[in-house]
Amino acid sequence: QNLSTKMIKNFYKETKKRIPIIGVGGVDSGESAFRKIISGATAIQLYTGMVYKGPGIVSEIKKDLISIMKREKIIRISDAVGINA
């Protein structure tokens, strides 16, 4: 999970925001999805989280992301893309 997030951040910086990045690797919560987004991911792929937690994980991640965005005072998820890159 940490390695994939680091790679997202590096790729985001190298491509200078020109290429959409799909965040993969260990996304199992809103917090882990948010870490991928702030590192530069414009989309998130769910696989392992779905296997272990089922399709309900989508609602859980959405709810968590809304809470995180309110806490961080971010209006649109697109505003968060790459802010930690």
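Good morning. On helix 1, which runs from 2 to 15, Asn2, Leu3, Lys6 and Glu14 are exposed, on the other side from the buried residues. Before going further, I should state that this is a predicted model.

Let me stay with helix 1. Which of its residues are buried? They are Ser4, Thr5, Ile8, Tyr12 and Thr15. These residues cover an arc of only 105° around the axis, and therefore they lie on the same side of helix 1. As for what they meet there, the buried residues of helix 1 pack against strand 1, residues 22-23, and against helix 2.

The length of helix 1 may also be checked. With 14 residues at 1.5 Å a residue, a span of 20 Å is expected, and the end C-alpha atoms are indeed 20 Å apart, so the two values agree.

I turn now to what follows this helix. Lysine 16 comes after helix 1 and has a positive phi, near 50°. Lysine 17 lies in the loop between helix 1 and strand 1. Its phi is also positive, about 70°, although lysine 17 is not a glycine. In general, most residues other than glycine have a negative phi. Is lysine 17 buried or exposed? Its relative accessibility is 63%, so lysine 17 counts as exposed.

There is another such residue further along the chain. Lysine 73, in the segment after helix 4, has a positive phi of about 60° without being a glycine. At 74% relative accessibility, lysine 73 counts as exposed.

Next, the interior. The largest nonpolar core holds 17 residues, and those that touch the most other members are Ala33, Phe34, Ile37, Ile61, Leu65, Ile74 and Ala80. Which elements give two or more residues to this core? They are helix 1, helix 2 (30-39) and helix 4 (57-71). Helix 4 gives the most, with five residues.

Isoleucine 61 offers a closer view of this region. Leaving aside residues up to four places away in sequence, isoleucine 61 touches Val27, Ser29, Gly30, Ala33 and Leu46. Of these, Ala33 was named a moment ago among the core residues that touch the most other members.

I come finally to the charged side chains. How many salt bridges does the structure hold? It holds four. As a general point, side chains of opposite charge can pair when their charged atoms come close.

One of the salt bridges joins arginine 71 and glutamate 31, with the closest N and O atoms 3.9 Å apart. This pair links distant parts of the chain, since arginine 71 is in helix 4 and glutamate 31 is in helix 2, 40 residues apart. Glutamate 31 has a relative accessible area of 32%, so it is partly exposed.

Arginine 71 also forms a salt bridge with glutamate 72, and here the closest N and O atoms are 3.2 Å apart. Glutamate 72 is partly exposed, with a relative accessible area of 42%. Glu31, Arg71 and Glu72 are thus linked in a network of salt bridges.

A further salt bridge pairs aspartate 79 with arginine 76, the closest N and O atoms being 3.2 Å apart. How accessible are these two residues? Aspartate 79, at 35% relative accessibility, counts as partly exposed, and arginine 76, at 48%, counts as partly exposed as well.

That concludes my presentation. Thank you for your attention.

Conventions: Residues numbered from 1 in each chain as written. Predicted model: local features only at pLDDT ≥ 70, side-chain atom pairs only at ≥ 80, totals over all residues. Heavy atoms only, no water. Core = buried A, V, L, I, M, F, W, Y, C linked by side-chain atoms within 4.5 Å. Buried < 20%, exposed > 50% of the residue type's maximum accessible area, 1.4 Å probe, protein only. Helix = DSSP H or I, 4+ residues; strand = E, 2+ residues; numbered from the N terminus. Contact = heavy atoms within 4.5 Å. Expected span 1.5 Å × (residues − 1). Arc of directions from axis to C-beta.
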